[in-house]
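Here are some notes for a colleague who is opening this structure for the first time. They take up the ligand and its surroundings, and then the aromatic rings.

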Amino acid sequence: MHLNIKKVTNKLGNLFFIEGGRDIPFEIKRIYYITDVPGGEVRGHHAHKSLQQILIAIKGKIIITLDNGKKEKKVLLDSPEKALYIPGGVWRTMQWLDSDSILLVLASDYYDENDYIRDYEIFRKMVDEGFWNGSFI
Ligand code: T46
């Protein structure tokens with residue numbers, strides 16, 4: 001799901017803002033950002049059980065590949081105005097097209113390694129067992 005980020009522009013530049021629970025479907029409990037990934041490299045390769053996140057390439061270009069266990073979709077994040085919402089139950093990878101790209105992530109919960117599924121076979125099994133009811137993607 002794409003969300004457009006509110007922007008205030010004047011001759012001194014652009015100011016973007018996002019309000020938790022208003023512009024996005026959750027209250028923000030954590031913010032992290034990823035920098036200095038060598039161009040072409042791919043991070044991710046996991047799903048979350050229930051964490052919801054918003055991804056924004058505030059600089060550069062990053063391709064996000066989403067997989068709900070049945071279908072795959074690629075989304076190019078190439079503008080600080082674009083935000084991508086990802087709920088639980090979606091396997092994701094992030095490929096850096098430019099090494100100076102910066103990925104900003106807003107998360108619905110604190111860091112918890114127990115919420116990660118880092119094995120694709122286990123993810124597929126959970127999809128087949130109906131662990132997630134949505135048909136996101
Ligand atoms: C996601 C994508 C978009 C922490 O200690 N605290 C944190 O808040 C996070 C996010 C990670 N970590 C640790 C866990 C690993 O030991 O940092 C290390 C690197 O994490 P990971 O390999 O999961 O990084 P990515 O870039 O593959 O994935 C990250 C997020 O972890 C993940 O939730 O959806 O960005």
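**Notes on the ligand site and the aromatic rings**

1. A polar side-chain atom of Arg-43 is placed 2.7 Å from an oxygen atom of the ligand, and the reader should keep in mind that this is a predicted model. A polar side-chain atom of Arg-92 likewise lies 2.7 Å from a ligand oxygen, while for Arg-118 an N or O atom of the side chain is 2.9 Å from an oxygen atom of the ligand.

2. The ligand taken alone exposes 650 Å², of which the protein buries 69%. Strands S4 (30-34), S5 (42-48) and S10 (91-96) are the elements that give two or more residues to the shell around the ligand, and S5 gives the most, with four residues.

3. In total, 13 residues surround the ligand, and the closest are Arg-30, Arg-43, His-48, Gln-53 and Tyr-116. By character, the shell divides into five nonpolar, four polar and four charged residues.

4. Turning to the rings, the count comes to eight aromatic pairs. One of them joins Trp-91 and Tyr-120 edge-to-face, at 5.0 Å centre to centre and with 85° between the planes. Because Trp-91 lies in strand S10 and Tyr-120 in helix H1 (residues 120-128), this pair ties together parts that are 29 residues apart in sequence. Trp-91 is buried, with a relative accessible area of 10%, whereas Tyr-120 is partly exposed at 29%.

5. Tyr-120 also forms a tilted pair with Phe-123, at 5.7 Å centre to centre and 50° between the planes. These two residues are three apart in helix H1, so about one helical turn separates them. Phe-123 is buried, at 0% relative accessibility. Ring pairs link Trp-91, Tyr-120, Phe-123, Phe-131 and Trp-132 into a cluster.

Technical notes:
Residues numbered from 1 in each chain as written. Predicted model: local features only at pLDDT ≥ 70, side-chain atom pairs only at ≥ 80, totals over all residues. Heavy atoms only, no water. Near = heavy atom within 4 Å. Polar contact = N/O pair within 3.5 Å; in protein donor to acceptor, adjacent residues only side chain to side chain. Areas by Shrake-Rupley, 256 points an atom, 1.4 Å probe, with all protein chains shown as cover. Nonpolar A, V, L, I, M, F, W, Y, C, P; charged D, E, K, R; others polar. Phe/Tyr/Trp six-rings, centres within 6.5 Å; stacked < 30°, edge-to-face > 60°. Buried < 20%, exposed > 50% of the residue type's maximum accessible area, 1.4 Å probe, protein only.
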